[in-house]
Each structure stands twice: as C-alpha cells, then as structure tokens.
Amino acid sequence: MAEMLSDRYAEDIERACEFLRSCDDALVVSHVQPDGDAISSTLVIGWLLDKWNKTYRLVNENGVPGRLRDLPMADQIGSYADEDAPEKKYETVICVDCADYARIGKIANWIAPDARILNIDHHPTNDRYGEAALIRHNAAATAEILYDLLLAAGVELDEQVGTMLYTGLLTDTGGFRYSNTTPHVMSVASELLKLGVEGNTIAERLLETMSMAQLKLIQRGLSRLTFTPDQRIGWLFITPEDMRETGAVNEDLEGLVNYARNVEGVDVGLLFKQIDEQSVKVSMRSSERVDVSAIAQSFGGGGHVRAAGCKVSGALDDIIRQVVERVKQEL
Ligand code: 5GP
Ligand code: MN
C-alpha cells in the first residue's frame, strides 16, 4: 500500500534509514511522561535495530506506564531513575515523538554534547533539531511515520511490530476519532490488522479500562470543574494531595482534560496539574476554532493545534488566572 509521498519526505525517510543502518550503540529516547505513541515508537526503532543486528538502548525519563507494559519488548525500555548511567556518554541518539530536544528531560545527561541525533516526530512545533530530521506534521502519530520508514527499509513486518505501530496510531488518534484520522491512517491500521494485530484487545486495555485510582481522580477533578461566564473555557486542577490520596499515577491523568473540553459550547479545556508549590503542568485541548499549540508555545511548551501542553513556574492560582486570560485573548 503506497502513499503519495512528497519528495522531501521520501528523501528524509531515506536519510533516516541511512542513519539507522550505519549506527551502532545508539540511545533511543522519547519524551518525559511518555504516552502510547512515544513508547510504541521507541519499541519500533528497537525492533528494527534488532533486525539489523545493531546494539542499542531504549530509555526515557519515566519508563513505561503500567498499561503499556504488555507491549512486545516493553521490558527493554528503562527509566532514568532505575537505570545506571552509561560509562561513556552516547554519541548516537534517536529521538522519537519529541517536539524539541529538551523534551527528553534528564536523559540529556547521558548524551555527548556533539552527539549525532536523528529526530523523528510529527509535532508541528518540531524545530528540526539534530543531524537528520524526519518530520511529517500532518502524520497522526510518530508511529505512522515509522510505518512509512519500515516500508522504505524493505523489512518484512510481523505481528509484534504491527502491535507497536497500531498502539501508536490508536492512542494518538484517540481511538481513530480525532481529525488526524486520515484515509492513510485507516489503511495503515488495516494493513496492521492483517498481520494479526488484536485491535480490540489493545483498545480495551488502553482506552476502556480504568484503574480505581483513576476513577477517584476523575471524581475529584469533576467536583472542581469551572467555566468562564460564557462557558467557552472550562478547566479543572489536580494537586499533589489528590495524587497521593487517590493513589493515582501520572498516566491516570490521561483523558481528564477532555471532561472540560467535551462540554457543548466549550472551545478550550484546560487541566492544571500542580507538580509542587512552584510549578504546574498545563494540558490544553481545543475545538477547531483555537490553536492551543500557539498558546502553549507562548508559555514555553508546544504540541498540536488541538492538543498542547506546557510546564509553567508559579503558584497554582496565579497560573490558572494567567493561562485562562491568555486563552480568552484567542477566542
Ligand atoms: P498532554 O496534555 O497530553 O501532556 O500533551 C498534549 C500534547 O502537547 C502532546 O502532543 C505533547 O507532546 C505536547 N506537550 C505537552 N507538554 C508539553 C511541553 O511541556 N512541551 C512541549 N513542547 N510539548 C508539550
Ligand atoms: Mn505522538
């Protein structure tokens, strides 16, 4: 199944393949607090490097979220806290799903200043860092780009890599519902199902199942849902006490912001997660009307038009006020 590829994209894929074919002892890394696409994309690179008998190490700052641990090869991905630092800093690095280099977080400490970097990503805010950049802004997921790369590399796909790719597509399209669910995404998904990938099992695990802690967190979040008088902006917040008292972990926050965003008439939904007294992680979701990636960028973050985020220094109340005011300007 061939897609019409732009010359630039086809060239970038070639260069990325060349980089991967010629690399050895590479560090494959994704962003902090990795999501389904970040983990899947890390694993796909590992799977390919295995095929080519390369040595490599898979890592990200936080490791693999619980619900993604069933993925093939997931036990190979280490976290910054649990892994020993390398004796020698890595000279070759493959960053997947990271809009900017800083998104890899503390893993940067393991990387030589002059390291060769291959940057594979789909975020519109990606600044093309690295020696080679393979970026397609309109790809639904980094996994979608990697599917094209594997085809170009001429390797035969199996159910294992199919499961990884499918997971990236499924999670970054919100279960094949968001506007990034293009005909190409659906045909790739179809090819992956033909490999024997169990789409329903993956969807059940990642989109349907909820931990008790997550449910309790939603209860707390909903009890605080607040709207502007015109009801075009909705937000909620979560404190460190909420996390502690419900037993929730970071992955349990996923989807919470949608309760604000999905209310009829709301243009922008916001989730403020207080990290400590001095910093707050903001998640932004919007209708087609508002570009939240621009808003997130103005606070030092980034992301997509309809889903973006940033980390801001300051007290929770102040940040809520500042961000809501900034969003109002965009309506
Ligand atoms: P989430 O709100 O689910 O954490 O993130 C939504 C989107 O915004 C994701 O595509 C993610 O990559 C991006 N994003 C979230 N936080 C940050 C950040 O601090 N910096 C950048 N550049 N992007 C972010
Ligand atoms: Mn992604």
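Which residue stands opposite Phe 227 in E8? In this predicted model, the residue opposite Phe 227 is Gly 234, and the pair offers a way into the first of the two sheets described below.

**The mixed sheet**

Strands E7 and E8 pair in the antiparallel sense, with two bridges between them. The hairpin that they form has five residues between the strands, and Gln 231 in this hairpin adopts a positive phi near 60 degrees. Both strands belong to an open sheet of six strands, in which the order is E7-E8-E9-E10-E12-E11 and the pairing is mixed. The edges of this sheet are strand E7 (226–227) and strand E11 (302–303), each of which pairs on one side only.

On the side of strand E9 the pairing of E8 has the other sense: E8 (residues 233–238) and E9 (residues 268–276) run parallel and are joined by six bridges. Within this pair of strands, Ile 233 stands opposite Val 268 of E9, while Ile 238 has Lys 273 of E9 as its bridge partner. Helix H11 (residues 316–330) packs on the sheet, where it touches E8, E9, strand E10 (279–286) and strand E12 (307–313), and its direction makes about 155 degrees with that of E9. Strand E8 is mostly covered, since five of its six residues are buried.

The loop between E9 and E10 contains Glu 277, which is exposed, with a relative accessible area of 60%. When residues up to four places away in sequence are not counted, Glu 277 touches Gly 314 and Ala 315. The C-alpha atom of Glu 277 is separated by 27 Å from that of Met 212, a residue 65 positions apart from Glu 277 along the chain.

**The parallel sheet**

A further open sheet of six strands has the order E3-E2-E1-E4-E5-E6, and here the pairing is parallel. Its edge strands are strand E3 (77–79) and E6, each pairing on one side only, and the twist from one strand to the next averages 30 degrees.

The pairings around strands E1 and E4 can be set side by side.

| Strand pair | Bridges and sense | Opposed residues |
|---|---|---|
| E1 and E2 | four bridges, parallel | Val 28 and Leu 58 |
| E1 and E4 | three bridges, parallel | Val 28 and Ile 94 |
| E4 and E5 | six bridges, parallel | Ile 94 and Leu 118 |

Read across the strands, these pairs form a row: Val 28 stands opposite Leu 58 in E2 and has Ile 94 in E4 as a bridge partner, and Ile 94 in turn stands opposite Leu 118 in E5. Strand E4, which contributes Ile 94 to this row, is mostly covered, with six of its seven residues buried.

Two helices can be placed against these strands. Helix H1 (residues 7–22) lies across E4, E5 and E6 and runs at about 130 degrees to E6. Helix H2 (residues 36–51) lies across E1, E2, E3, E4 and E5, and its direction is at about 175 degrees to that of E2.

**The manganese site**

The manganese ion (ligand 2) has as its protein donors Asp 37 (OD), Asp 97 (OD), His 122 (NE2) and Asp 172 (OD), which lie 2.2 to 2.4 Å from the ion. Along the sequence these donor residues follow the spacing D-x59-D-x24-H-x49-D. Asp 97 lies in the loop between strand E4 (90–96) and strand E5 (111–121), and His 122 lies in the loop between E5 and strand E6 (132–135), so the pair ties together parts that are 25 residues apart in sequence.

How accessible are these two donors, buried or exposed? Asp 97 has a relative accessible area of 1% and is buried, and His 122 likewise counts as buried, at 1% relative accessibility. Both values fall below the limit that matters here, because buried means under 20% relative accessible area.

**Aromatic groups**

A search of the whole structure finds three aromatic pairs. A contact of another kind involves Arg 116, whose charged end sits over the ring of Phe 19, at 4.4 Å from the centre of that ring.

Note on methods
Residues numbered from 1 in each chain as written. Chains lettered and ligands numbered in written order. Predicted model: local features only at pLDDT ≥ 70, side-chain atom pairs only at ≥ 80, totals over all residues. Heavy atoms only, no water. Pairing = 2+ DSSP bridges. Contact = heavy atoms within 4.5 Å. Axes fitted to C-alpha atoms, helices over the stretch in contact; angles between N-to-C directions. Phe/Tyr/Trp six-rings, centres within 6.5 Å; stacked < 30°, edge-to-face > 60°. Lys NZ or Arg CZ within 6 Å of the ring centre and 35° of its normal. Donors = N, O, S within 2.8 Å, 3.2 Å for Na, K, Ca; no water. Buried < 20%, exposed > 50% of the residue type's maximum accessible area, 1.4 Å probe, protein only.
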